[in-house]
Amino acid sequence: MSESVRVTVNAQPREFEPGPDETAVEVLRDRLGLTGTKLVCGAGVCGACTVLLDDEPVVSCLLPATSLDGRAVRTVEGWSEGCGPGLHPVQRAFMDFDALQCGMCTPGFVTEGIAFYQRWSRERGQQEPTRGEVVEALAGHLCRCGAYPNIIAAIQAACAGRIAATPARVDAEAKVSGRAVYTVDVRREGQLEGRVLRSPHAHARVVRLDLRAAKQVAGVHAAVELVGVDRRVRYVGQEVAAIAAEDRVTAERALEAVEVEYDVLPAVIGAVSARTPGAVEVWSGRRRQPPSSAEGPLFPTPWHGNARGPTASFSARPRKARRLIAAARSAGDPLLVEGVWRTAAQVHTALEPHACVAHWAAGSLTVWVSTQACERIAEKLTKRFGLPRERVTVVAEHVGGAFGAKLELTPETVAAVELSRQAAAPVRVVLDRLEEMTVGGHRPAAEIQLTLLPARSGELSALSVTAYGDAGVAVGSAIAGLCRLIYPTKAKELVDFDVVNHMPPGLPFRGPGGAVACWALEQAVDEAAARLGEDPIVLRRRWDPDPLRGKLYRWAEGLEAWRGRPTGGQSGRFRRGVGVAAGNWFYWYQSKCRVAVGVRDGRLTVATATQDMGTGSRTVLARAVAGAFDLDPMSVRVRVGDSSLERGPMSGGSRTTATVVPAALAAAHKLRERLVREAVTRFGVRAPVAEPAGLRHAGGLLSWAEVITAVPDCQVVASRPDDTDTRRHAPRPYAGAGPAGAGLDWALRLLAGLRTGRGYTGAVHVSEVEVDTLLGRVRVLRVFGGLAVGRLAAPELARSQAAGSIVQGVGYALYEQRRNDPHTGVVLSAGLEDYRIPGIGDTPEIELHFLEEGFEHVPGGGVGLGEISTLPVAASIGNAVFNATGWRPYELPIRPDRLLEGLQS
């Protein structure tokens with residue numbers, strides 16, 4: 001029997017008996033219900049679980065629970081009303097400066113920031129710390145959303161006493177105080193813990209699976225099989241079975257009792273092995289059904305062994321392209337640009353892992369799940385489990401990051417539902433960090449063979465791109481096809497292949513295929529400019545007809561960093577370089593979505609079954625509705641993240657804002673009309689006219705706040721209206737692609753509910769780097785991001801999201817590479833200590849320029865920006881490295897060993 005531990009937590013005395021190997025974070029979250037402290041990495045790397053122990057910051061995931069005896073602990077909840085004197089200046093600064101996105105890392109940053117603030121105030125008063133001093137203090141914390149620039153600004157402002165108390169987000173206080181509830185925080189009465197048994201083999205047949213011994217373990221309530229009907233496992237980590245028990249330790253002990261017999265089969269690891277003649281086929285037979293790594297539908301495509309393809313829907317006169325390129329190659333044309341570019345798998349690794357709490361009771365199913373698609377998951381659960389749609393509810397109150405990895409019905413959700421049905425109790429299944437790194441999703445790796453031929457006159461004559469996507473067992477690569485969208489030429493051969501192999505499936509990651517395409521295409525364009533002796537921006541401006549990007553090119557040309565960029569060779573250890581790259585993405589919105597706007601208890605309400613994964617959907621809805629009534633957005637009650645609400649869009653493909661804002665504006669307009677009629681009845685006004693400030697009538701002006709307070713509860717619903725036709729400078733994205741393009745547009749509408757609106761979003765990014773030629777390190781100093789995304793629904797949030805996308809692009813360019821054992825298929829990047837994402841010290845200075853025009857035909861005037869913000873970043877860094885050193889990187893990430901080898905060759 002262990003001795004009791006007495007500890008003061010948030011000024012309240014607590015006592016408990018610690019279990020063996022129990023950590024402080026487990027005590028705080030599971031015993032005391034203080035879920036503001038987040039368990040993310042479990043290795044002391046990310047800082048999300050930071051608490052103050054006797055006023056000193058510590059990571060509680062590495063702190064034994066016994067170490068709390070006689071100590072005083074303060075969690076993020078200890079600074080909010082009811083636990084202390086009110087919100088701390090650091091918390092208020094985080095709200096003011098929008099120093100958060102999904103909010104999973106926020107409690108740790110806030111707690112560490114408070115500790116720094118206290119030390120700083122004692123020693124320096126209200127002197128403002130430098131950027132470097134803040135970075136050094138917070139270096140042990142990670143934010144996958146990339147909110148670092150605003151975190152730095154918030155800490156500086158708090159220390160200097162510059163707090164405006166004007167929150168940028170309507171849910172900011174919930175996140176900075178630890179009150180926001182994520183799926184990993186959900187606790188239901190009688191809740192069981194589920195764990196998944198995973199395959200240790202890359203390829204095997206499950207000959208025998210016996211769960212009887214596992215079910216006999218004391219504390220086990222359910223055990224289910226997860227093997228598919230073909231009884232095959234095709235990667236290490238694939239789900240085999242799942243156990244639900246009274247606690248996690250018991251569930252894991254029961255997993256050891258499961259009896260499994262495997263017939264181990266030959267496997268191919270990696271795309272190179274899979275393309276070898278005679279390689280074992282991952283999928284075989286006439287009806288191959290691999291999972292998808294794409295957001296859109298998969299079309300019937302031929303297979304040749306492990307290669308699926310070619311997919312060449314967007315080629316234009318490919319024979320002419322081949323003929324022109326062959327002639328240029330034969331003649332030794334110095335203008336012909338040819339190369340093979342490669343990219344590594346980039347893991348999504350959202351700080352909130354994939355997680356689900358399922359409760360199947362009385363013929364109804366309620367699922368709390370960390371997802372980007374409440375409505376979609378509800379529909380898929382309905383179909384899979386044969387329940388009426390009204391008996392399935394999916395809840396995602398807050399989502400701790402996703403980036404494309406949480407769009408589908410995933411195995412941990414299926415496991416939780418099956419276990420709950422068998423156990424007749426709520427069951428929670430949460431992936432640990434190793435599972436998240438293995439099966440949680442990754443941007444597929446790729447090889448891109450690209451040839452670009454400029455004419456002597458300086459025009460683009462031909463383009464050939466053959467791309468091989470490596471998404472493990474999954475398919476859906478669309479890299480070459482995306483190279484069609486930005487630089488038109490009459491001769492293009494664009495061919496995509498998938499190469500399947502025995503590794504976990506890839507998933508969409510911010511602009512699927514787009515960042516990969518930019519990495520190759522934008523460096524090839526820069527190389528063409530060098531061979532033509534032209535300014536890279538001037539060449540792009542001539543080749544790229546898009547008028548919005550044309551304005552961004554002119555903006556970029558005026559940057560001091562671009563005008564003063566190095567030209568000619570450099571010497572010395574540290575060399576500066578400046579590079580540019582452009583990007584193009586779609587304007588999409590989701591059809592058949594609706595928003596409800598109403599009055600309840602004298603307050604405006606807005607609701608739809610979308611979800612907020614940190615991109616600010618709540619705030620965008622609140623601002624759209626509040627603006628129609630001249631009210632403070634904080635006064636609007638917003639409901640999202642619940643599939644029982646009006647049908648809402650998924651959060652993917654930059655469609656959310658472009659869908660919900662027009663619908664919200666339409667609903668607000670309908671509500672205003674209703675309130676005018678109510679005012680006639682309630683106030684007896686004559687000749688009422690609705691104005692932005694209120695209701696003008698014969699006797700004066702009634703503010704909307706007065707009207708809303710007086711009228712009875714009511715609600716109206718509006719669908720997402722169609723766009724007008726006021727702008728025709730750009731075709732629909734698939735126009736001109738022939739029958740295949742028209743078919744794709746139709747299929748997207750049918751299967752994904754997507755509508756392809758007129759026009760493209762655009763980006764022009766300029767990056768400035770410093771290259772250490774002794775150590776081979778690249779440091780990004782500044783990034784200038786020019787974005788054409790129309791009118792900003794929430795400017796502060798748009799800047800936060802765009803800056804975070806740039807930070808993720810820096811990680812893609814320089815650090816992120818999932819490592820695998822080439823023989824066994826085991827993912828070696830087991831956690832955040834093994835897989836480096838950008839930290840606060842890696843954050844460059846970021847300057848953003850938004851072009852808020854070009855989408856006047858869209859109700860509200862704005863479209864999505866999550867994808868376009870990140871697409872050109874890695875390519876601009878690659879071009880900057882070339883500008884600094886004369887060596888062109890062809891492989892991501894730009895590792896020190898690759899750079900040094902390139903400089904020496």
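# Close-up views

**View 1. Strands 28 and 29 run antiparallel and are joined by three bridges.** Strand 29 covers residues 694-697. For one of the pairings, look at Glu691, whose bridge partner in strand 29 is Gly694. This is a predicted model, as are the views that follow. Step back a little and the two strands turn out to belong to an open sheet of three, ordered 28-29-30, with antiparallel pairing. Strand 28 (689-691) and strand 30 (700-703) are its edges, each pairing on one side only. On average, neighbouring strands in this sheet are turned by 30° against each other, direction ignored. Helix 19, residues 656-683, lies across strand 28, strand 29 and strand 30. The angle between helix 19 and strand 28 is about 125°.

**View 2. An open sheet of four strands, with helix 16 lying across it.** The strand order here is 24-32-33-34, and the pairing is mixed. At the edges sit strand 24 (574-590) and strand 34 (845-851), each with pairing on one side only. Neighbours in this sheet are turned by 20° against each other on average, again with direction ignored. In the middle of the order, strand 32 (residues 754-772) and strand 33 (residues 777-788) run antiparallel, joined by 11 bridges. To find your place along that pair, pick out Val764, which stands opposite Gly786 in strand 33. Now add helix 16, made of residues 547-557: strand 24, strand 32, strand 33 and strand 34 are the ones it lies across. Helix 16 runs at about 15° to strand 32.

**View 3. Helix 2 is mostly covered.** This helix spans residues 89-96, and seven of its eight residues are buried. Which ones are they? The buried set is Pro89, Val90, Gln91, Ala93, Phe94, Met95 and Asp96. These residues pack against three other helices: helix 3 (106-124), helix 5 (148-160) and helix 6 (172-176). Follow the chain just past the end of helix 2 and you come to Asp98, which takes a positive phi of about 50°.

**View 4. Helix 3 passes helix 5 in a right-handed crossing.** Both helices are among the packing partners of helix 2 from the previous view. A packed pair of helices is described by the angle between the two axes and by how far apart those axes are. For helix 3 and helix 5, that comes to an angle of about 35°, with the axes 10 Å apart. On the helix 3 side, the residues to look for are Phe109, Gly113, Phe116, Tyr117 and Trp120. They meet Tyr148, Ile151, Ile155, Ala158 and Cys159 in helix 5. By character, this contact has nine nonpolar residues, one polar and no charged.

**View 5. Two cis peptide bonds, each leading into a proline.** The bond from Gly309 to Pro310 is cis, with omega near 5°. Pro310 is part of strand 13, residues 307-311. The other cis bond joins Leu892 and Pro893, where omega is about -5°. Pro893 sits in the loop between helix 23 (873-885) and helix 24 (896-904).

**View 6. Phe403 and Ala424 have positive phi although neither is a glycine.** For Phe403, phi is about 65°. Its loop runs between strand 18 (392-395) and helix 12 (411-423). Is Phe403 buried or exposed? Its relative accessibility is 10%, so Phe403 counts as buried, the cut-off being under 20%. Ala424 has a phi of about 55°, and you'll find this residue in the loop between helix 12 and strand 19 (427-430). At 62% relative accessibility, Ala424 counts as exposed, because the cut-off for that is over 50%.

**View 7. A stretch to read with care: pLDDT stays under 50 over residues 726-743.** How many contacts beyond four places in sequence does the model have for residues 726-743? There are 44 of them. As for the protein chain as a whole, the mean pLDDT is 93, and 96% of the residues reach 70 or more.

Conventions
Residues are numbered from 1 along each chain as its sequence is written. This is a predicted model: local features need pLDDT of at least 70, side-chain atom pairs count only at pLDDT 80 or more; totals for chains, interfaces and linings use all residues. Side-chain values use heavy atoms; hydrogens and water are left out. pLDDT is the predictor's confidence in each residue, from 0 to 100. Contact means heavy atoms within 4.5 Å. Buried means under 20% relative accessible area, exposed over 50%, partly exposed in between (1.4 Å probe, protein chains only). Axes are lines fitted to C-alpha atoms, for helices over the stretch in contact, and angles run from 0 to 180 degrees between N-to-C directions. A crossing is left-handed if the near helix is turned anticlockwise from the far one by less than a right angle, and right-handed if clockwise. Ala, Val, Leu, Ile, Met, Phe, Trp, Tyr, Cys and Pro count as nonpolar, Asp, Glu, Lys and Arg as charged, and the others, Gly among them, as polar. Two strands pair if DSSP finds at least two bridges between them.
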